[in-house]
Amino acid sequence: MPPPGGLMRSPPPLRGARHQPDALDAALVIDVPDVADADLNRIPDLSDVAGNGGDLTGPQVVLRALPGGLVLRVTGKSGQKIATEQRPGLAPSGWEVVDVRTLAADTEDVDLPVPAKWPRFYRVRVL
C-alpha cells in the first residue's frame, strides 16, 4: 500500500546486490587511432596481406651481416610478389623500396648494400 501522497520509494539495495544501471550512468570510450593501420581493418599495415583475405602470416625475414653487405633471407610462398623496403626510423610512411621480386622458391636471399647511415630498418611487404 502506498504511503500518504501516493509516492512509493524503492527499497534500499540489499547487501551484496549488484548495481543496476540507470539513466545517470555513463561510459567513457577513448578511441586512439592506430597510425599503423591505414585501412582501419584492425591489422597493422606491417602484417596486412594484399587482396581480400588469405594467409595473414606473410613472409618471414632474417637479416645477416656479411663483410660485403647485408643479406635478407625471405621465406614465403613461391610465386608471391614482395617488396623489400628500408627506412632510418619506424614511421608508418616514407619507406624506400630497395627490391621488388616474385619469389622463385619458398626461400630467397635479397642482397642489400651496407647502409651509409645507421640505424636502418627493413621490412618486406606482400604486393
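Biologist: Before we start, let me get the term right: patches are made of residues with over 30% relative accessible area and no salt bridge, where like charges are joined within 9 Å and nonpolar side chains (Val, Leu, Ile, Met, Phe, Trp, Tyr) within 5 Å. Which residues make the nonpolar surface patch of about 240 Å²?

Modeller: That patch is made by Val97, Val100 and Leu127. A salt bridge, which patch residues must lack, is a side-chain nitrogen of Lys or Arg within 4 Å of a carboxyl oxygen of Asp or Glu, and the accessible areas come from the Shrake-Rupley method with a 1.4 Å probe, where for residues only the protein chains shown count as cover. Please keep in mind that this is a predicted model, in which local features need pLDDT of at least 70 and side-chain atom pairs count only at pLDDT 80 or more, while totals for chains, interfaces and linings use all residues. Residues are numbered from 1 along each chain as its sequence is written, and side-chain values use heavy atoms, with hydrogens and water left out.

Biologist: OK, and where does Leu127 lie?

Modeller: Leu127 is in the segment that follows β6 (121-126); helices (H or I, at least four residues) and strands (E, at least two) are DSSP runs, numbered from the N terminus. Leu127 has a relative accessible area of 42%, so it counts as partly exposed, on a scale where buried means under 20%, exposed means over 50% and partly exposed lies in between (1.4 Å probe, protein chains only). Although Leu127 and Lys81 are 46 residues apart in sequence, their C-alpha atoms are 5.5 Å apart in space.

Biologist: And Val97, where is its place?

Modeller: Val97 belongs to strand β4, and with a relative accessible area of 45% it is partly exposed.

Biologist: Let me zoom out. How many helices and strands does the protein chain have?

Modeller: There are zero helices and six strands, so to speak a β-β-β-β-β-β pattern when the protein chain is read along the sequence. Of its 127 residues, 23% count as buried, and the protein chain exposes about 10100 Å², with carbon and sulfur atoms supplying 58% of that area.

Biologist: What is the order of the open sheet that has β1 in it?

Modeller: That open sheet of three strands has the order β1-β2-β5 with antiparallel pairing, where two strands pair if DSSP finds at least two bridges between them. Its edge strands are β1 (60-66) and β5 (107-112), each of which pairs on one side only. The twist from one strand to the next averages 20 degrees, with axes taken as lines fitted to C-alpha atoms (for helices, over the stretch in contact) and angles running from 0 to 180 degrees between N-to-C directions.

Biologist: What holds paired strands together in general?

Modeller: Strands of a sheet pair through backbone hydrogen bonds, in either a parallel or an antiparallel way.

Biologist: Back to this one: how many bridges are there between β1 and β2?

Modeller: Seven bridges pair β1 with strand β2 (residues 69-75) in the antiparallel sense, and the two strands form a hairpin with two residues between them. Arg64 has Val71 in β2 as its bridge partner, and Leu63 stands opposite Leu72. On to β5: six bridges join β2 to this antiparallel strand, and there Leu72 stands opposite Val110.

Biologist: Why is β2 largely enclosed?

Modeller: Because five of the seven residues of β2 are buried, the rest of the structure largely encloses this strand.

Biologist: New topic, then. What is the order of the open sheet that has β3 in it?

Modeller: Three strands form that open sheet in the order β4-β3-β6, again with antiparallel pairing. At the edges stand β4 (96-102) and β6, each with a single partner strand, so one side of each has no neighbour in the sheet. Strand β3 (residues 81-87) and β6 pair over six bridges, with Gln86 standing opposite Tyr122.

Biologist: Is Thr84 buried or exposed?

Modeller: Thr84, which lies in strand β3, is buried, with a relative accessible area of 0%. Beyond its neighbours within four places in sequence, Thr84 is in contact (heavy atoms within 4.5 Å) with several residues, including Leu72, Glu96, Val97 and Val110. As for Glu96, its C-alpha atom is separated from that of Thr84 by 8.5 Å.
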